[in-house]
Amino acid sequence: MEELSFLKQNSIAASDFFEKYTAGFLRHEDQEVADLLTLKREHSLRVAKLSGLVATNLMLEEEDILLAEVIGLLHDLGRFEQFEKHQSFNDQQAGDHAELGVALLKEQAFFTAFSEERQNLIAQAILNHNKESISLKEDKLVVTYSQILRDADKLDIWETCVNNLKRDGNFKYPSISLNLPATGLVNDKIIRSIQNQKQAKRKDMQSVNDFKLMLMSMIFDLNFRVSFQLLSEKQSIKQLYESMSKKDVVIDAYRELRLFIENKFVV
């Protein structure tokens with residue numbers, strides 16, 4: 001009970017820090033920057049809730065669920081400084097936002113109040129969340145929390161992207177699709193990744209279509225049945241597909257993705 005009480009108090013401190021830290025960025029003089037960072041703030045709040053939902057479904061203890069929510073809330077802290085400085089969410093160009101966020105966390109009193117073990121767990125889960133894949137040879141707890149965060153993050157990325165689609169199939173803010181050109185082209189490397197049931201690599205993206213297919217290919221890295229259930233409820237993959245021109249390669253890729261999702265419900 002004492003440990004749970006501490007976690008509850010420190011989660012409140014983490015939430016207070018998050019609110020105060022992000023508030024300054026939301027007053028940016030450039031309205032589009034402010035709007036995009038508002039999206040990131042809302043994304044973090046939703047990922048916290050989704051992390052708790054996934055952790056609850058896994059029947060974790062209350063303190064573990066609370067910790068998953070804290071990790072979800074803090075996972076994108078580095079995005080705010082990154083985007084304010086570079087007007088880009090491209091980690092290859094603007095620095096690894098997970099590393100930026102962890103460096104910031106290590107300076108905060110609420111973070112250092114955690115045990116060294118919990119500090120490492122939080123930091124490693126955040127550092128793992130934006131990697132193309134993680135090693136299952138890591139500490140079991142690190143892997144579990146990393147997978148919870150990665151699933152929750154993907155679920156809200158899909159929904160955020162769908163909610164910011166325009167009628168012409170492009171995104172409301174070009175920064176969402178990493179300022180990639182809005183051409184009808186599709187990179188064969190992206191298609192091959194989907195055919196091989198692998199998440200497409202960001203470095204292979206050359207167009208908005210590639211970005212959408214990369215997003216859709218992230219289903220191959222979902223870890224838990226509840227995540228597939230939540231994805232199916234939202235129909236995010238279908239909506240991304242419907243925003244694309246129906247080339248044969250796109251139709252075939254979507255068929256592969258849909259079958260993969262459907263097979264996750266076969267007992």
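This report describes a helix, the largest pocket and the salt bridges of a predicted model.

## Helix α2

Helix α2 covers residues 31-57, 27 in number, and its first and last C-alpha atoms are 39 Å apart, close to the 39 Å expected at 1.5 Å a residue. At the N-terminal end of α2, D30 acts as a cap, with a side-chain oxygen 3.0 Å from the backbone nitrogen of E32. Just after α2, M59 adopts a positive phi of about 60 degrees.

## The largest pocket

The largest pocket encloses about 820 Å³ of space. Its lining comprises 35 residues, and R79, F89, I157, L178 and R202 lie nearest the centre. By class, the lining residues are 13 nonpolar, 10 polar and 12 charged.

Helices α2, α5 (91-94), α9 (140-163) and α11 (208-217) each contribute at least two lining residues. The largest share, six residues, is supplied by α9.

## Salt bridges

The structure contains 16 salt bridges. One of them joins E62 and K8, with their closest N and O atoms 3.6 Å apart. This pair connects helix α3 (residues 62-74), which holds E62, to helix α1 (residues 2-25), which holds K8, across 54 residues. E62 is partly exposed at 46% relative accessible area, and K8 is likewise partly exposed at 41%.

E159 and K234 also form a salt bridge, at 3.4 Å from N to O. The pair links helix α9, where E159 lies, with helix α12 (residues 225-234), where K234 lies, 75 residues apart. E159 has a relative accessible area of 25% and is partly exposed; K234, at 44%, is also partly exposed. In addition, a network of salt bridges links E3, E63 and R118.

Key: Residues numbered from 1 in each chain as written. Predicted model: local features only at pLDDT ≥ 70, side-chain atom pairs only at ≥ 80, totals over all residues. Heavy atoms only, no water. Helix = DSSP H or I, 4+ residues; strand = E, 2+ residues; numbered from the N terminus. Expected span 1.5 Å × (residues − 1). Polar contact = N/O pair within 3.5 Å; in protein donor to acceptor, adjacent residues only side chain to side chain. 1 Å grid on protein atoms, 1.4 Å probe; cavity = no way out; pocket = protein on both sides within 12 Å on 5 of 7 lines; lining within 4 Å. Points joined across faces, edges and corners; volume = space filled by probe spheres on them. Nonpolar A, V, L, I, M, F, W, Y, C, P; charged D, E, K, R; others polar. Salt bridge = Lys/Arg side-chain N within 4 Å of Asp/Glu carboxyl O. Buried < 20%, exposed > 50% of the residue type's maximum accessible area, 1.4 Å probe, protein only.
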